[in-house]
Amino acid sequence: MVSGLVFKNGYTPTGEVISFRTSNDDLANHTRVTNVVIDNFSHPERHLADLWVAIYGKNNHFDHNTLVNKRNRGVTLAVRLNSEGSEDNHHVIEYNYFGPRQILGANGGETLRVGTSHFSTKYSNTLIQYNFFDRVNGEHEIISNKSSGNIYRGNVIFESQGTLTMRHGHHTLVEGNYIIGNGKPNTGGIRIINEYQTVRNNYLSGLTGHRFRGALVIMNGVPNSSPNRYNQAIEAIMENNIVVDSDYINFGAGSDEERTATPIDSSFRHNIIMSKSNLDVIKLYDDVSGIKFAKNIINNESNVPYVLAKGFQKTPYLVTVNEHGLRVPPKALVDQISFGEIKLPISKPNTGANYYAKEEISIVFQSGKTIEVKSGTDTLLTALNASNSGDILMLENNGEYLLTKLADIHHPITIMAKKGKKPVIRSQKPSFLVIENGGALEVDNLWFDGAESPDYKGNNVIRTSGHSMNINYSLLVRNIKVTDLDINGYFDFFKGSYGTFADEIQLIDSEMSNISGGILVLNKETDDIGEYSVENLTISGNTFTDINAEVVNIYRGGFDESTFGPMVTVKNNQLTDVGNGSTHRSGASMYFHGVQDLNITDTIWNNSAPLSLHLSNGEPITLIKDVVMKNTNKIRANNTEYKTLNVVYQ
Ligand code: CA
């Protein structure tokens, strides 16, 4: 037995922090790991993969452990089935706390995986019960089941982006789990692929995820599928589940030219669905005659597809909060499906290592003290170096600030001036401000000017570290002026470097002009395996004038389907003479490659290069509405899978 160890302030030099073996042949059997903590024991290279826990052998017990803040690629806990000595293992994984995991922005951010596609027909027979998954947002598979005969029972998944996915393997039982989204974006439920999967007596509430991330999903398969693709759903059972205030229940999901095998010999019965947030909560992607729908209950407002009407009984929408704080349908209905008491099967305090606090770590701007910074040379740098996380550096309204060195940002910091005249900041270095690992930046009511910048190509005002950053950052830019970034070519406002990832970037109410590069350069993840640089981006209320390259260039290449972003909102902007630079490569004023959710509204293009879209897989949602393009070429796109409404060319 191993107990009481804490792993922090470091990372494993091998591929596994805790390994249930000493060599390929010496596997652990009948062992127990309990009350162990692994906290941010993350490799500094975010794209480098390792496992925190790899369970091999048979009859091992992993319980009451705390696994929080994994920040690099790789599954948090994996049950490995790569040899006969690890098959039919009867491991028990229970009462563990899987704490917050940040968005990875790539495949490989699963929290729990049991098996791999290669061994997926083998029986693992692992029991996963009474674990608490708290805001594990790595990617869209929170739990990836990839072997046969496993049971997931009584787990709680709280405000987590993603789903419990039966990706490979057969004969899985998923019962009595509580998945609570509280309306958070991309929160999903339970997804069936493969044969003989049973999903019953689960409670799902406030889940917003769509497509593969619906509250309940049965997918289409690939005929004669290879092990790593999608087996047809055969004898899938979804019954006695309660779905409250959730947006999507999808059948035949993933239907396309390859995934043509519809579910057969399956059933969806005795489920209660109470939801008004999307009245078309049930969505059919293909022929679902192979699923028998019977005795389900759904609220009157919801539209049930005509072919399924007989399988649903309508009832008024009635949801109340019960004594356990959960949103529940009327008791009479709950009793009708014999669901029992609606109550979390395990509470957060009863999971994880009992001695280790479940602390919150988040970026909180303006949570520290305010530091007045006098006008002058490197005064800003001195103040920054003396600051602490969350502090505000308050500049003088009439101030002129010069930086003669790079200003590195190592913690969340706000640089701003009070309402009134914007202080001007100039720099003699190729970058003004550099966000380093752990850093985050908010700027408000400032003026950045390029007049003192060195006569090199490729300067920028703000960039992220040249080294990989395993902590996600945020960049909030409000009410600033940017002028004359033209001392040489390719002078950008902001550049996100390779191996760095933003949870959020906002560019709001700002005015930028005379720039020899671009404004937001987010195209450095060029490996074409689904990696990208920013999750949520908002560009709103700005004017851009005489910009050589793009206002925004986002790149997410490849066909990977395991992430959510980027999600982009562009509204109320004016572009004049943008993207017409002679050395400008994409020839676009804005370039979006592989963006998953793009909403452009109320924006005016004037004498600018066209908006350019590259829509890739994942059914991206793209809407361009109420925009005017004066003396600007038509929207360029690789296909027509985007919506336009009131796009006026003049
Ligand atoms: Ca994955």
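Which backbone nitrogen does the side chain of Ser465 reach? In this predicted model, the side chain of Ser465 reaches the backbone nitrogen of His467, at 3.0 Å.

## Ser465 and its surroundings

Ser465 sits in a loop. Strand S46 (460–464) comes before that loop, and strand S47 (473–478) follows it. Is Ser465 buried or exposed? Its relative accessible area is 2%, so Ser465 counts as buried, the cut-off being under 20%.

Some of its contacts come from elsewhere in the sequence. Setting aside neighbours within four places, Ser465 touches Val434, Ile435 and Glu436. Ser497 and Thr500 are also in contact with Ser465.

## Cavities

How many cavities of 30 Å³ or more does the structure hold? There are 3. The largest has a volume of about 40 Å³. The second largest has a volume of about 30 Å³.

## Lining of the largest cavity

Leu67, Val68, Asn69 and Lys70 help line the largest cavity. Thr76, Phe98, Gly99, Arg101, Thr111 and Val136 are also part of its lining. By class, this lining has 4 nonpolar, 4 polar and 2 charged residues.

## Lining of the second largest cavity

Which residues line the second largest cavity? They include three arginines: Arg211, Arg213 and Arg556. Asp560, Glu561, Thr563, Gln596, Asn617 and Gly618 belong to the lining too. The lining of the second largest cavity has no nonpolar residues. It divides into 4 polar and 5 charged residues.

Notes: Residues are numbered from 1 along each chain as its sequence is written. This is a predicted model: local features need pLDDT of at least 70, side-chain atom pairs count only at pLDDT 80 or more; totals for chains, interfaces and linings use all residues. Side-chain values use heavy atoms; hydrogens and water are left out. On a 1 Å grid over the protein atoms alone, a cavity is a set of points where a 1.4 Å probe fits but cannot get out, and a pocket is an open set with protein on both sides within 12 Å along at least five of seven lines; lining residues have an atom within 4 Å of a point. Grid points are joined across faces, edges and corners, and a volume is the space filled by probe spheres set on the points. Ala, Val, Leu, Ile, Met, Phe, Trp, Tyr, Cys and Pro count as nonpolar, Asp, Glu, Lys and Arg as charged, and the others, Gly among them, as polar. Helices (H or I, at least four residues) and strands (E, at least two) are DSSP runs, numbered from the N terminus. Buried means under 20% relative accessible area, exposed over 50%, partly exposed in between (1.4 Å probe, protein chains only). A polar contact is a pair of N or O atoms within 3.5 Å; within protein, one must be able to donate a hydrogen and the other to accept it, and residues adjacent in sequence count only if both atoms are side-chain atoms. Contact means heavy atoms within 4.5 Å.
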